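Reader: I am new to this structure. Please walk me through it in short questions and answers.

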Amino acid sequence: MALIAGVGQGTFTVAVLWVAAALVALLARRTSAPGLITFGVLFAVGVVTIGLIFAPRETNEDVPSDSQPKDNTLIGRTILVVVCGLLALAGAVLVLLTHCLELRRARPLR
């Protein structure tokens with residue numbers, strides 16, 4: 001297995017993602033909506049990190065030659081898909097509620 005700076009490829013990828021997210025969060029402090037940008041970036045990096053944890057890269061050396069290959073990450077990937085689906089559904093409900101509850105003022109005709 002190839003090592004990058006003494007750590008594995010997955011660990012290095014996660015570290016680079018979080019350092020990039022921290023830099024974006026620092027740069028977002030100067031924008032008009034720093035909290036929204038920071039939350040979005042941290043949420044996206046968190047989802048990618050969870051995906052990398054639950055679906056690790058397997059090599060052909062891990063599978064014995066005399067047995068059927070087994071999908072050991074099925075439960076983790078299924079949980080990840082369910083969580084992402086529930087979060088997408090919750091986000092759609094919140095957008096719909098925000099749209100329906102938005103204050104509308106009547107404009108005068110003249």
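**A polar contact and its setting**

Author: Start with a pair of side chains. Those of Thr 49 and Trp 18 are joined by a polar contact of 3.0 Å. The model is predicted.

Reader: Which helix holds Thr 49?
Author: Thr 49 lies within a helix that covers residues 34-54. That element is helix H2.

Reader: Is Thr 49 buried or exposed?
Author: The relative accessible area of Thr 49 is 11%. Buried means under 20%. Because 11% falls under that cut-off, Thr 49 is buried.

Reader: Leaving aside neighbours within four places in sequence, which residues is Thr 49 in contact with?
Author: One partner is already known from the polar contact of 3.0 Å: Trp 18. With sequence neighbours within four places left aside, the contacts of Thr 49 are Trp 18 and Val 14.

Reader: What does the secondary structure of the protein come to?
Author: The elements run α-α-α from the N terminus on. Strands number 0. The helices come to 3.

Reader: How many residues of the protein count as buried, as a percentage?
Author: Thr 49 is one buried residue, at 11% relative accessible area. The protein has 110 residues. The share of them that counts as buried is 11%.

Reader: Where is Gly 51, and is it buried or exposed?
Author: Gly 51 is found in helix H2. Its relative accessibility is 18%. Since buried means under 20%, Gly 51 counts as buried.

Reader: What separates the C-alpha atoms of Gly 51 and Val 81?
Author: Along the chain, Gly 51 and Val 81 are 30 residues apart. In space, their C-alpha atoms are separated by 9.4 Å.

Reader: Which residues form the aromatic pair?
Author: A search of the whole structure finds 1 aromatic pair. Its centres are 6.0 Å apart, with 20° between the planes. Planes under 30 degrees apart count as stacked, so this pair is stacked. The two residues are Phe 39 and Phe 43.

Reader: What separates Phe 39 and Phe 43 along helix H2?
Author: Both residues sit in helix H2. They are 4 residues apart there, so their separation is about one helical turn.

Reader: Which accessibility class does Phe 43 fall in?
Author: Phe 39 is exposed, at 57% relative accessibility, because exposed means over 50%. Phe 43 has 41%. That value lies between the cut-offs of 20% and 50%, so Phe 43 counts as partly exposed.

Reader: How is Gly 40 placed with respect to Ala 21?
Author: Gly 40 is in helix H2. Its relative accessibility is 34%, so Gly 40 counts as partly exposed. Gly 40 and Ala 21 are 19 residues apart in sequence. From C-alpha to C-alpha, they are 9.8 Å apart.

Reader: Is Leu 36 buried or exposed?
Author: Leu 36 has its place in helix H2. Its relative accessible area is 64%. The cut-off is over 50%, so Leu 36 is exposed.

Reader: What is the area of the nonpolar surface patch that includes Leu 97?
Author: Leu 97 is found in helix H3, residues 74-100. It counts as partly exposed because its relative accessibility is 44%. The other patch residues are Val 82, Leu 86, Leu 89, Val 93, Leu 94 and Leu 101. The patch comes to about 710 Å².

Reader: Of the accessible surface, what percentage belongs to carbon and sulfur atoms?
Author: The accessible surface of the protein is about 9,500 Å². Carbon and sulfur atoms hold 69%.

Key: Residues are numbered from 1 along each chain as its sequence is written. This is a predicted model: local features need pLDDT of at least 70, side-chain atom pairs count only at pLDDT 80 or more; totals for chains, interfaces and linings use all residues. Side-chain values use heavy atoms; hydrogens and water are left out. Helices (H or I, at least four residues) and strands (E, at least two) are DSSP runs, numbered from the N terminus. Buried means under 20% relative accessible area, exposed over 50%, partly exposed in between (1.4 Å probe, protein chains only). A polar contact is a pair of N or O atoms within 3.5 Å; within protein, one must be able to donate a hydrogen and the other to accept it, and residues adjacent in sequence count only if both atoms are side-chain atoms. Contact means heavy atoms within 4.5 Å. Accessible areas come from the Shrake-Rupley method with a 1.4 Å probe; for residues, only the protein chains shown count as cover. Patches are made of residues with over 30% relative accessible area and no salt bridge: like charges are joined within 9 Å, nonpolar side chains (Val, Leu, Ile, Met, Phe, Trp, Tyr) within 5 Å. A salt bridge is a side-chain nitrogen of Lys or Arg within 4 Å of a carboxyl oxygen of Asp or Glu. Rings of Phe, Tyr and Trp (its six-membered ring) pair if their centres lie within 6.5 Å; planes under 30 degrees apart count as stacked, over 60 as edge-to-face and the rest as tilted.
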